[in-house]
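Reader: I would like a close look at one part of this model. Please start from a single loop residue and work outward from there.

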Amino acid sequence: ELMTDFHQVVQAQHVVPAENIYVRSVTYMENEGKTIPIRATFENTKKPEFYRAIGQIILEVSKAVPSGILCFLGSYFVLQSLLKHLNISGLMTILKGNKKVFVEPPNSKELDQLLSDYRETIYAGDGAIMFAVFRGKIAEGIDFSDDEARAVIVVGIPFAAKMDPAVFRKMEYNNKRSQIGGLVPGKEWYTTQAFRALNQALGRCIRHINDWGSLILVDNRFLYEEYKKMLPHWLTQLWGSGPYHGSHNTLSEDLEEFCNRMLKKSTPEGRESEKQTITKEELDMVDGESTQQKINN
């Protein structure tokens, strides 16, 4: 976009220890012996089975994760369609038994009071879930630290509508300029914009070095290398060492185990135990330094 070549690109590590972050993708559901891929495309977001799958995943996360959860969807249409399904199916009643439900309003004037109520619920010791949209105020402009967001669920990849005149013309312009150098092709620009919005939403969860949380990415396209490489470098490193990616099976159990471990770690006893624990790498380092001192002497 700047028509400038960057010869050095820095991909920094996250300041939060890897063990403080749980990363998992859910790419399909199993129903009556059938494997059903989850993909939040425009066509699929019209189908009841899509919302049935998303509702089940949200329920499982809400059972396992304490305090606050943020759930981001591609548009207000998808958000409202999900809420409608949850109400009709009876899943909303179950969800409200786990968390108090909040929904990002289209009107930003109502946002301050909504956030105040959400945080008041969290600090009262109750659980809450906030449904919001990518590129909205909550996804990009609000800080949620500690108990305010112990999990972020992102549903789909927020590609803009290709036939939007502004998007269409920008892609067309980039395609022409990319042929003479200076701009990336339209498709690459289009994908980059989607992942900028996605990565902003993912970043709502982990806000400082002592924070911890879970990132749940729901869509089978997250397993494609062309999209996976667009995720933050620190996240893809955790991806390889994380739990099984694919089915929602064991999601609730794995999340509960992670959250219990982090809650225990955050107690005074847990912090003291961590101080007194020395890793093998640290022990090898001490041994190496001792050996070098003997050689020098």
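Does Ser67 count as buried or exposed, and at what relative accessibility?

Author: Ser67 counts as buried, because its relative accessibility is 16% and the cut-off for buried is under 20%. Keep in mind that this is a predicted model. Ser67 sits in the loop between α1 (48–64) and β3. Its backbone deserves a look too. The phi of Ser67 is near 60°, a positive value in a residue that is not glycine. Most residues other than glycine have a negative phi.

Now follow the chain into β3. This strand covers residues 68–73 and is joined to β6 by four bridges. The two strands run parallel. One pair gives the register: Ile69 has Ala151 of β6 as its bridge partner.

Next comes β6 itself, residues 151–155. Five of its five residues are buried, so β6 is largely enclosed by the rest of the structure. In a regular strand the side chains alternate between the two faces of the sheet. Here both faces are covered. Ala151, Ile153 and Val155 lie on one side, and they are buried. Val152 and Val154 lie on the other, and they are buried as well. Ala151 thus appears twice in this picture: on a covered face of β6, and as the partner of Ile69.

What leads into β6? The loop between α5 (137–140) and β6 holds Asp146. Asp146 has a phi near 55°, again a positive value in a residue other than glycine. Its cover is another matter. Asp146 counts as partly exposed, because its relative accessibility is 30%. Ser67, by contrast, counts as buried at 16%. So each loop brings a positive phi: Ser67 before β3, and Asp146 before β6.

β6 has another partner. It pairs with β7 in the parallel sense, over five bridges. Val155 of β6 stands opposite Val218 in β7. Val155 is also one of the buried residues of its own strand.

β7 spans residues 213–218 and is mostly covered, with six of its six residues buried. Gly213, Leu215 and Leu217 point one way from the strand. Ser214, Ile216 and Val218 point the other way. Both sets are buried. Val218 therefore belongs to the set with Ser214 and Ile216, given how the residues of β7 point.

From β7, step on to β1. Strand β1 covers residues 21–31, and six bridges join it to β7. These two strands are parallel as well. Val23 takes Leu215 of β7 as its bridge partner. Leu215 is buried, and it points the way Gly213 and Leu217 do. The path is now set: β3 pairs with β6, β6 with β7, and β7 with β1.

Look next at the chain between β6 and β7. Helices α6 (residues 165–178) and α7 (residues 186–202) fall there. They pack at an angle of about 130°, with their axes 7 Å apart. α6 and α7 are therefore oblique to each other. From α6, the contact takes in Val167, Lys170, Met171, Asn174 and Asn175. From α7, Gly186, Lys187, Trp189 and Tyr190 meet them. This contact of α6 with α7 is made up of four nonpolar, three polar and two charged residues.

The loop between α6 and α7 contains Pro185. Pro185 counts as partly exposed, because its relative accessibility is 36%. Beyond its neighbours within four places in sequence, Pro185 is in contact with Asn174, Asn175 and Ser178. Asn175 is 10 residues from Pro185 in sequence, and 4.7 Å from it in space, C-alpha to C-alpha. Asn174 and Asn175 also take part in the contact with α7.

Finally, set this part in the whole chain. There are 12 helices and eight strands. Of the 297 residues, 43% count as buried. Take contacts between residues at least 6 apart in sequence: 77% of them join residues at least 24 apart.

Note on methods. Residues are numbered from 1 along each chain as its sequence is written. This is a predicted model: local features need pLDDT of at least 70, side-chain atom pairs count only at pLDDT 80 or more; totals for chains, interfaces and linings use all residues. Side-chain values use heavy atoms; hydrogens and water are left out. Axes are lines fitted to C-alpha atoms, for helices over the stretch in contact, and angles run from 0 to 180 degrees between N-to-C directions. Angles under 35 degrees count as roughly parallel, over 145 as roughly antiparallel, 65 to 115 as roughly perpendicular and the rest as oblique. Contact means heavy atoms within 4.5 Å. Ala, Val, Leu, Ile, Met, Phe, Trp, Tyr, Cys and Pro count as nonpolar, Asp, Glu, Lys and Arg as charged, and the others, Gly among them, as polar. Buried means under 20% relative accessible area, exposed over 50%, partly exposed in between (1.4 Å probe, protein chains only). Two strands pair if DSSP finds at least two bridges between them.
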